[in-house]
Amino acid sequence: MLAPMSSEQPEQQIGVGAPDAFQRMWTPHRMAYIQGENKPNGPGSGDGCPFCSIPSKSDEDGLIVARGEQVYAVLNLYPYNGGHLMTVPYRHVADYTGLDREETAELAEFTKRAMTTLRKVSGAHGFNIGMNQGSVAGAGIAAHLHQHLVPRWGGDTNFMPVVGHTRILPQLLADTRRLLAEAWPGA
């Protein structure tokens with residue numbers, strides 16, 4: 001949590017540039033994403049794809065909310081908002097058109113369940129749902145299809161992402177995963 005603003009002279013912070021009245025919120029965990037940690041080193045399933053390795057972990061360690069026959073739901077390790085999760089096919093496939101009927105159906109069903117669960121647990125007012133197909137479209141891991149579900153609330157935007165390039169997440173990922181997993185329909 002940010003410290004309240006003070007009328008006192010700001011404390012000198014070594015290594016952060018010229019002294020000013022801004023507080024600093026350090027998010028060192030983001031450096032792993034920026035530097036490409038856990039990104040595949042090629043397009044194949046054996047090239048270090050995290051979406052291929054996550055299912056072999058425990059639900060807690062993999063941040064898995066629910067497992068189906070064809071797909072699973074997992075929290076995003078670098079979320080845009082609290083509760084940001086993804087539905088991911090187990091099979092290593094890059095393009096939506098490459099899914100078979102069963103995978104497509106279960107991906108759609110998991111999307112509905114995720115929305116239901118997020119509304120129940122967090123009171124989400126709306127959602128951003130989508131897939132970035134290909135690296136030119138913004139896919140961080142283009143070789144393995146994944147659909148994002150980002151819960152949204154009225155008034156959830158603030159100055160931090162725009163001015164501070166920082167997102168405020170009010171809950172630890174492990175706590176969010178537990179709440180969603182417990183509330184997942186059919187769990």
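Q: What share of the contacts in the chain with a separation of 6 or more comes from residues 24 or more positions apart?
A: In this predicted model, residues 24 or more positions apart account for 57% of those contacts, where a contact requires heavy atoms within 4.5 Å.

Q: Why are β2 and β3 called paired strands?
A: Two strands count as paired if at least two bridges are found between them; β2 (residues 71-75) and β3 (residues 85-89) have five bridges in the antiparallel sense, and therefore they meet the criterion. One of the bridge partnerships puts V71 opposite P89 of β3.

Q: How do you know that β1 and β2 pair as well?
A: Three bridges join β1 to β2, which run antiparallel, and because at least two are required, this count qualifies them as a pair. R67 has Y72 in β2 as its bridge partner, and the hairpin that joins β1 to β2 passes through three residues.

Q: What makes β1 and β4 edge strands?
A: In the open sheet the five strands follow the order β1-β2-β3-β5-β4, with antiparallel pairing; β1 (64-67) and β4 (126-130) each pair on one side only, and are the edge strands. Neighbouring strands of this sheet are turned by 20 degrees against each other on average, direction ignored.

Q: Which pattern of helices and strands does the chain follow along the sequence?
A: The chain has six helices and five strands, and reading along the sequence gives α-α-α-β-β-β-α-β-β-α-α.

Q: What does it take for residues to count as buried, and how many percent of the chain do so?
A: A residue is called buried when its relative accessible area is under 20%, and 31% of the 187 residues of the chain count as such.

Key:
Residues are numbered from 1 along each chain as its sequence is written. This is a predicted model: local features need pLDDT of at least 70, side-chain atom pairs count only at pLDDT 80 or more; totals for chains, interfaces and linings use all residues. Side-chain values use heavy atoms; hydrogens and water are left out. Helices (H or I, at least four residues) and strands (E, at least two) are DSSP runs, numbered from the N terminus. Axes are lines fitted to C-alpha atoms, for helices over the stretch in contact, and angles run from 0 to 180 degrees between N-to-C directions. Buried means under 20% relative accessible area, exposed over 50%, partly exposed in between (1.4 Å probe, protein chains only).
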